[in-house]
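Thanks for making the time this morning. Please have the sequence and the structure open while I talk, and stop me if anything is unclear.

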Amino acid sequence: MHQAAACYFNRVDIWQSPHTLSLIDLALEEDLGRGDVTSAATIAAETQITANFVSRQDLVVAGLPVVQMVAARVSPALRLTTQTKDGVAAGKGEILAQLQGPARAVLAAERTALNFLQRLSAVATVTDRFVEAARGGTARVVDTRKTTPGYRALEKYAVLCGGGGNHRFDLGSGVLIKDNHIAANGSLTDTVNRARQAAPHLLKIEVEVDTLAQLEEALTAGADVVLLDNFKTPDIMQAVARKNAVRPHVLLEVSGGVTLDRIAELSRTGVDLISVGALTHSAVSVDIGLDFVK
């Protein structure tokens with residue numbers, strides 16, 4: 001059973017961020033830039049309505065604060081009352097929130113509000129499935145930077161709502177030496193040494209490796225975290241044993257080829273982190289509707 005997640009994004013206050021407001025305004029401009037000709041032609045300006053946001057499937061909620069912001073952006077006359085909160089599981093047919101006000105304004109806000117709510121709840125729901133499948137093992141499920149352009153803060157927030165954790169927010173959040181960094185520099189050890197000398201002292205140094213031999217080199221070079229990229233399960237277990245023998249305080253992360261069917265097995269190998277791009281890049285919008293109350 002899903003427990004309410006701590007949906008607190010500790011890098012920025014995304015609800016006060018100009019970036020979030022700009023994203024909402026862009027979405028509203030896409031839909032309302034030339035007005036709503038249908039509502040203007042068919043619904044009297046004074047008509048008031050009550051409408052419910054209703055889940056059409058089982059899901060984990062994320063994005064209700066964005067719905068509130070969309071409503072406020074469309075009309076100060078709109079009033080949103082939430083019936084649940086982000087990070088909570090909702091069943092099919094459950095009312096998530098109620099929107100009241102001028103019918104024209106409700107209809108103007110409908111699609112943009114649903115687009116945000118369906119997308120973010122999808123990320124939270126997929127994350128919850130991976131977290132539940134990994135339960136009982138040692139690893140924490142975290143996201144990646146494979147996010148929808150412009151949506152990174154919101155999608156990483158939704159990952160938290162699903163019970164997952166956040167990896168780097170951006171390229172400035174931590175040192176992650178990948179294969180292309182090593183290829184450009186010519187040596188894994190030299191690249192780690194350069195990072196150690198130049199990077200801020202509070203940032204950990206993580207190194208991506210493709211083989212057990214590279215793991216050995218990364219451990220010797222003094223990496224704080226080693227990312228095992230596309231390793232088979234037996235090799236991951238060997239990597240865990242070797243790390244525990246020589247540098248037990250180093251964190252091991254697994255990435256690449258992580259599926260819902262495989263994550264339970266990976267979590268039981270003894271690694272610390274499993275990063276899953278699918279939490280964001282493959283989340284399919286959940287089904288939520290806006291139903292007028294008769």
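I will begin with the chain as a whole, then take one helix, one strand with its neighbours, and finally a residue towards the end of the sequence.

Please keep in mind throughout that this is a predicted model. The protein chain has 11 helices and 12 strands, and its C-alpha trace spans about 75 × 40 × 25 Å along the principal axes. Of the 294 residues in the protein chain, 50% are buried. If we take the contacts with a separation of 6 or more, 74% of them are accounted for by residues 24 or more positions apart.

Let me turn to helix H4, which covers residues 103-134. With 32 residues at 1.5 Å each, H4 should span 46 Å, and because the C-alpha atoms at its ends are 45 Å apart, the expected and the modelled values agree. That agreement should be read together with a kink of about 40° in H4, which is centred on Glu 110. As for its surroundings, 24 of the 32 residues of H4 are buried, so the rest of the structure largely encloses this helix. Just after H4 comes Gly 136, with a positive phi of about 100°.

H4 also contributes to an aromatic contact. How many aromatic pairs does a search of the whole structure find? The search finds one, and in that pair Phe 116 and Tyr 151 are stacked, with 5.6 Å from centre to centre and 25° between the planes. Phe 116 belongs to helix H4, whereas Tyr 151 sits in the loop between strand S6 (140-142) and helix H5 (152-161), so that the pair links distant parts of the chain, 35 residues apart. Both Phe 116 and Tyr 151 are buried.

Next, strand S9, residues 225-229. Five of the five residues of S9 are buried, and the strand is mostly covered. Val 225, Leu 227 and Asp 229 point one way from S9, while Val 226 and Leu 228 point the other way, and the residues on both sides are buried.

S9 has parallel partners in S8 and S10. Strand S8 (residues 205-209) runs parallel to S9 and is joined to it by four bridges, with Leu 228 in S9 as the bridge partner of Val 209. Between S8 and S9 the chain passes through helix H8 (residues 212-221), and this β-α-β crossover is right-handed. Strand S10 (residues 251-255) is also parallel to S9, here with five bridges, and the bridge partner of Leu 228 in S10 is Val 254. S9, H9 and S10 likewise make a right-handed β-α-β unit.

Directly after this strand, is Asn 230 buried or exposed? Its relative accessibility is 51%, and since the cut-off for exposed is over 50%, Asn 230 counts as exposed. Asn 230 lies in the loop between S9 and helix H9 (233-246), and its phi is near 55°, a positive value in a residue other than glycine.

Finally, Ile 288, which is found in strand S12 (residues 288-292). Ile 288 has a relative accessible area of 3% and is therefore buried. Leaving aside residues up to four places away in sequence, Ile 288 touches several residues, among them Val 54, Arg 56, Leu 96, Leu 114, Leu 117 and Ser 121. Ser 121 is 167 residues away along the chain, yet its C-alpha atom is separated from that of Ile 288 by 9.3 Å.

How values were computed: Residues are numbered from 1 along each chain as its sequence is written. This is a predicted model: local features need pLDDT of at least 70, side-chain atom pairs count only at pLDDT 80 or more; totals for chains, interfaces and linings use all residues. Side-chain values use heavy atoms; hydrogens and water are left out. Helices (H or I, at least four residues) and strands (E, at least two) are DSSP runs, numbered from the N terminus. The expected span of a helix is 1.5 Å times one less than its number of residues. The bend at a residue is the angle between axes fitted to the seven residues ending there and the seven starting there. Buried means under 20% relative accessible area, exposed over 50%, partly exposed in between (1.4 Å probe, protein chains only). Rings of Phe, Tyr and Trp (its six-membered ring) pair if their centres lie within 6.5 Å; planes under 30 degrees apart count as stacked, over 60 as edge-to-face and the rest as tilted. Two strands pair if DSSP finds at least two bridges between them. A crossover is right-handed if, with the strands pointing away from the viewer, the path from the first strand over the helix to the second runs clockwise. Contact means heavy atoms within 4.5 Å.
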